[in-house]
Amino acid sequence: MYGPNDNYDLENSHVLPALIRKFHEAKIMGSNEVVVWGSGKPLREFLHVDDLAEACLKLMLEYNEAGFVNVGFGSDISIFDLAMLIADITEFKGKISLDESKPDGTYRKLLDSSKLRSLGWVPKISLKEGIQSIYQAQEMHLKR
């Protein structure tokens, strides 16, 4: 999950807000490099909180079965490709380096959201659109 009011603390945030903060700070400080932890190969799925809210509403109104229902975007992106996307959105022009001495974590985390999709729900906010919107909203707060 990601969205407005996320945690951008570099010590204890998740990968997406941490990368937004790293690239933003590198841009405003004139750095020519951002270091990303790990190999960049692990895949992660990201869902905007507004899409999650819509999914929950749909389930509350239209679903009444036992068992769990996964809510996910339905596709994933490598950490390196995520870093390149964030570099583009934040207009960072430097180099992206990988620190392979740092852990990658689980290689892939992708949910099977087919049960929810069979009800007609699909996420509406693309990853690029979602990151652009939260970056624009948070940019003033991220400035040092």
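Which residue in β5 does Leu43 stand opposite? The partner is Arg108. The notes below put that pair in context.

1. **Basis.** This is a predicted model: local features need pLDDT of at least 70, side-chain atom pairs count only at pLDDT 80 or more, and totals for chains, interfaces and linings use all residues. Residues are numbered from 1 along each chain as its sequence is written, and side-chain values use heavy atoms, with hydrogens and water left out.

2. **Elements.** The protein chain has five helices and five strands. Helices (H or I, at least four residues) and strands (E, at least two) are DSSP runs, numbered from the N terminus. In sequence order the pattern reads α-β-β-α-β-α-β-β-α-α.

3. **Overall dimensions and burial.** Along the principal axes, the C-alpha atoms fill a box of roughly 55 × 30 × 25 Å. Of the 144 residues in the protein chain, 40% are buried. Buried means under 20% relative accessible area, exposed means over 50%, and partly exposed lies in between (1.4 Å probe, protein chains only).

4. **Surface and charge.** The protein chain exposes about 8,600 Å². Carbon and sulfur atoms supply 51% of that area. Areas come from the Shrake-Rupley method with a 1.4 Å probe; for residues, only the protein chains shown count as cover. There are 17 positive and 21 negative charges, and their mean positions are 3 Å apart. Lys and Arg count as positive, Asp and Glu as negative; His and the chain ends are not counted. Each charge is placed at NZ of Lys, CZ of Arg, CG of Asp or CD of Glu.

5. **Contacts along the chain.** A contact means heavy atoms within 4.5 Å. Take the contacts between residues at least 6 apart in sequence: 86% of them join residues at least 24 apart.

6. **The three-stranded sheet.** Three strands form an open sheet in the order β3-β2-β5, with mixed pairing. Its edge strands are β3 (77-78) and β5 (108-109), each pairing on one side only. Two strands pair if DSSP finds at least two bridges between them. Strand β2 (residues 43-44) and β5 run parallel and are joined by two bridges. Leu43 and Arg108 are the opposed residues named at the start.

7. **Tyr107.** This residue lies in the loop between β4 and β5. Why is Tyr107 classed as exposed? Its relative accessible area is 51%. Setting aside neighbours within four places in sequence, Tyr107 is in contact with Lys41, Pro42, Leu43 and Arg44. Arg21 is 86 residues from Tyr107 in sequence, and their C-alpha atoms are 23 Å apart.

8. **The β1-β4 pair.** Strand β1 (residues 33-37) and strand β4 (residues 95-99) run parallel, joined by five bridges. Trp37 has Asp99 in β4 as its bridge partner. The covered face of β1 holds Val34 and Val36. Its uncovered face holds Glu33, Val35 and Trp37.

9. **Helix α1.** This helix covers 15-29. Its end C-alpha atoms are 21 Å apart, which agrees with the 21 Å expected for 15 residues at 1.5 Å a residue. The expected span is 1.5 Å times one less than the number of residues. Buried residues of α1 include Leu16, Leu19, Ile20, Phe23 and His24. Glu25 is also buried. Just after α1, Gly30 takes a positive phi of about 75°.

10. **Helix α3.** The twelve residues of α3 (residues 79-90) should span 16 Å, and the end C-alpha atoms are indeed 16 Å apart. Buried positions include Ile79, Leu82, Leu85, Ile86 and Ile89. Thr90 is buried too.

11. **Positive phi outside glycine.** Glu91 follows α3, in the loop between α3 and β4. Its phi is positive, about 65°, although Glu91 is not a glycine. Glu91 is exposed, with a relative accessible area of 52%. Asn5 also has a positive phi, near 65°. Asn5 sits in the segment before α1 and is exposed at 72% relative accessible area.

12. **Ala53.** This residue lies in helix α2 (residues 49-62). Ala53 is partly exposed, with a relative accessible area of 46%. Gly67 is 14 residues away along the chain, and the two C-alpha atoms are separated by 19 Å.
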